[in-house]
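Me: I have a model open here and would like to talk through a few of its side chains. Could you start with the cysteines?

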Amino acid sequence: MAAALQVLRHLARAPLRPLLWGCPLARLASSMALAEQAQQLFESTVGAVLPGPMLQRALSLDPDSGQLKVRDRSFQLQQNVYLVGFGKAVLGMATAAEELLGQHLVQGVISVPKGIRAAMESAGKQEMLLKPHSRVQVFEGAENNLPDRDALRAALAIRQLAEGLTADDLLLVLISGGGSALLPAPIPPVTLEEKQTLTKLLAARGATIQELNTIRKALSQLKGGGLAQAAYPAQVVSLILSDVVGDPVEVIASGPTVASIHSVQDCLHILNRYGLRAALPRSVKTVLARADSDPHGPHTCGHVLNVIIGSNALALAEAQKQAEALGYRAVVLSTAMQGDVKSVAQFYALLARVAGTRLTMPGAGASVEEDEQLYELAAELQLPDLQLKEALEAMVGTRGPVCLLAGGEPTVQLQGSGKGGRNQELALRVGAELGRWPLGPIDVLFLSGGTDGQDGPTEAAGAWVRPELTSQAAAQGLDVAAFLAHNDSHTFFCRFQGGAHLLHTGLTGTNVMDAHLLFLQPR
């Protein structure tokens with residue numbers, strides 16, 4: 001057995017020759033090598049959007065003149081900078097900002113996920129940790145990405161800092177994914193519990209994320225431009241790490257530095273649509289009525305500069321570059337992959353079949369029926385930036401391996417009480433779909449991972465699968481369909497081959513949604 005393992009490791013490190021392909025050990029070694037490359041590429045995706053380097057690219061400070069340059073704008077610093085932040089990547093962003101600003105930073109308050117400092121320490125990521133005598137106060141809260149009392153205390157401390165600023169001050173606002181849950185400050189007399197209950201009721205009745213955000217903003221002190229309003233007349237520079245498809249600044253963390261375009265009537269229309277207006281708590285009715293009669297009308301945010309410093313597109317561009325360096329023909333399919341996870345899985349599996357046919361039988365091409373079905377699935381997903389035609393055309397004349405990359409945030413319709421996350425569920429569904437039909441003389445591997453390192457309430461970032469998944473699982477007595485029926489993907493991957501297909505990165509300190517990697521390698 002030891003000798004066999006040595007041969008496998010040697011073959012996994014060495015380039016595989018076609019003559020070796022019939023050897024089972026060579027096939028297994030190739031599989032191991034492909035899985036290692038997939039995980040390596042995922043790590044490079046995350047590495048491209050780490051908070052420190054991104055912030056350093058967005059900001060530059062001239063130590064002689066004290067001029068802070070943010071893209072094409074300049075600000076004069078005279079020990080007049082204050083900092084607030086909220087989100088999964090904000091600890092690292094604040095660390096980089098404090099190092100850059102030095103004595104110009106007077107005070108800071110940030111709200112970050114519970115346990116993130118301990119996770120960064122245990123992972124040895126010192127570059128993500130504030131120095132012992134930092135001027136930045138850290139609050140941890142929003143366990144499992146849910147607003148709680150700890151996050152509320154942080155939000156109120158952030159509001160207090162912002163309200164104390166003058167026209168001579170500059171407020172640097174750091175925003176990343178998870179920021180909405182870390183900045184809960186309902187307008188009194190609405191309580192945190194009442195706001196959460198209303199949000200859950202809307203979500204359960206099928207409200208969209210845009211509708212949920214409209215209601216959240218109307219009931220929040222800081223969202224929908226509330227933080228910018230609290231900081232007036234200070235100048236505000238908001239540096240944003242996007243975790244939302246299309247990078248809309250008004251949606252990321254519910255837009256605390258972007259004036260809301262929605263009125264009370266918009267909120268009432270949403271509440272009527274889902275039959276909730278009559279059941280509203282008295283406190284919510286009070287706040288909406290007060291806003292409706294505000295003589296000042298909606299406020300503006302002319303004193304704010306909002307800058308996107310990192311996104312899924314940036315991460316995938318780096319992964320594409322790294323894949324090409326490894327010898328792959330790499331194509332970015334989309335940075336806006338969304339829709340029901342079942343449809344997304346069907347799309348990826350059919351894409352593997354159609355693209356695989358083009359790779360292994362260049363003259364034949366896929367059947368017209370399969371092509372039409374693939375384009376129909378793509379149309380149903382409504383992906384605004386999908387490069388499907390370009391990706392398929394790239395297959396023609398390509399003899400070597402191919403890597404198709406995408407990013408976004410599919411949704412899971414919960415129907416069971418199992419444990420998992422959208423990345424593990426997507427991977428499991430893709431694995432099941434790939435096993436439904438023969439793929440021909442081609443190796444296929446699919447990986448889905450969350451760039452924050454945490455997929456749902458699990459310690460895994462995601463998982464990777466191959467077409468043999470269903471048959472190999474059955475040999476272990478695992479029924480893939482049963483696990484999917486209970487949304488129990490994490491339990492499946494923990495049991496399947498001893499958890500070898502799980503993607504473990506630990507908390508990464510960043511967040512730009514998910515990355516999907518589809519590898520096609522002709523034999």
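**Cysteines, rings and a loop**

Reply: This is a predicted model. The sulfur of Cys301 has its closest cysteine sulfur in Cys267, 17 Å away, which is too far for a bond.

Me: And how many disulfides does the count come to?

Reply: The count comes to 0 disulfides, where a pair of cysteine sulfur atoms would have to lie within 2.5 Å to qualify.

Me: Is Cys301 buried or exposed? And what about Cys403?

Reply: Cys301 is buried, because its relative accessible area is 16% and the cut-off for buried is under 20%. Cys403 also counts as buried, at 0% relative accessibility.

Me: OK, switching to aromatics: how many aromatic pairs are there?

Reply: The structure holds 6 aromatic pairs. One of them joins Tyr348 and Phe446, whose ring centres are 4.9 Å apart with the planes at 40°, so the pair is classed as tilted, since that label covers angles that are neither under 30 degrees nor over 60.

Me: Where in the chain do Tyr348 and Phe446 sit?

Reply: Tyr348 belongs to helix 13 (residues 341–360) and Phe446 to strand 12 (residues 442–450), so this pair links distant parts of the chain, 98 residues apart. Tyr348 is buried at 1% relative accessibility, and Phe446 is buried as well, with a relative accessible area of 0%.

Me: What about Phe483 and Phe492, what kind of pair is that?

Reply: The rings of Phe483 and Phe492 make an edge-to-face pair, because their planes are at 70° while the centres lie 5.4 Å apart. Phe483 is buried with a relative accessible area of 10%, and Phe492 is buried with 0%.

Me: Which residues do ring pairs link into a cluster?

Reply: Ring pairs link Phe483 and Phe492 with Phe493 and Phe496 into a cluster.

Me: Which residues does UniProt list for the MOFRL domain?

Reply: The UniProt record, an unreviewed entry, lists residues 402–514 as "domain: MOFRL". Over residues 402–514 the chain is 29% helix and 20% strand, with the end C-alpha atoms 20 Å apart.

Me: Last one, where is Asn487 found, and what does its side chain make a polar contact with?

Reply: Asn487 lies in the loop between helix 18 (480–485) and helix 19 (489–495), and it is buried, with a relative accessible area of 4%. The side chain of Asn487 makes a polar contact with the side chain of Glu425, at 3.1 Å. Leaving aside residues up to four places away in sequence, Asn487 touches several others, among them Val412, Leu414, Gly418 and Lys419.

Terms used
Residues numbered from 1 in each chain as written. Predicted model: local features only at pLDDT ≥ 70, side-chain atom pairs only at ≥ 80, totals over all residues. Heavy atoms only, no water. Phe/Tyr/Trp six-rings, centres within 6.5 Å; stacked < 30°, edge-to-face > 60°. Helix = DSSP H or I, 4+ residues; strand = E, 2+ residues; numbered from the N terminus. Buried < 20%, exposed > 50% of the residue type's maximum accessible area, 1.4 Å probe, protein only. UniProt positions renumbered as here; feature names shortened; annotations may be inferred. Polar contact = N/O pair within 3.5 Å; in protein donor to acceptor, adjacent residues only side chain to side chain. Contact = heavy atoms within 4.5 Å.
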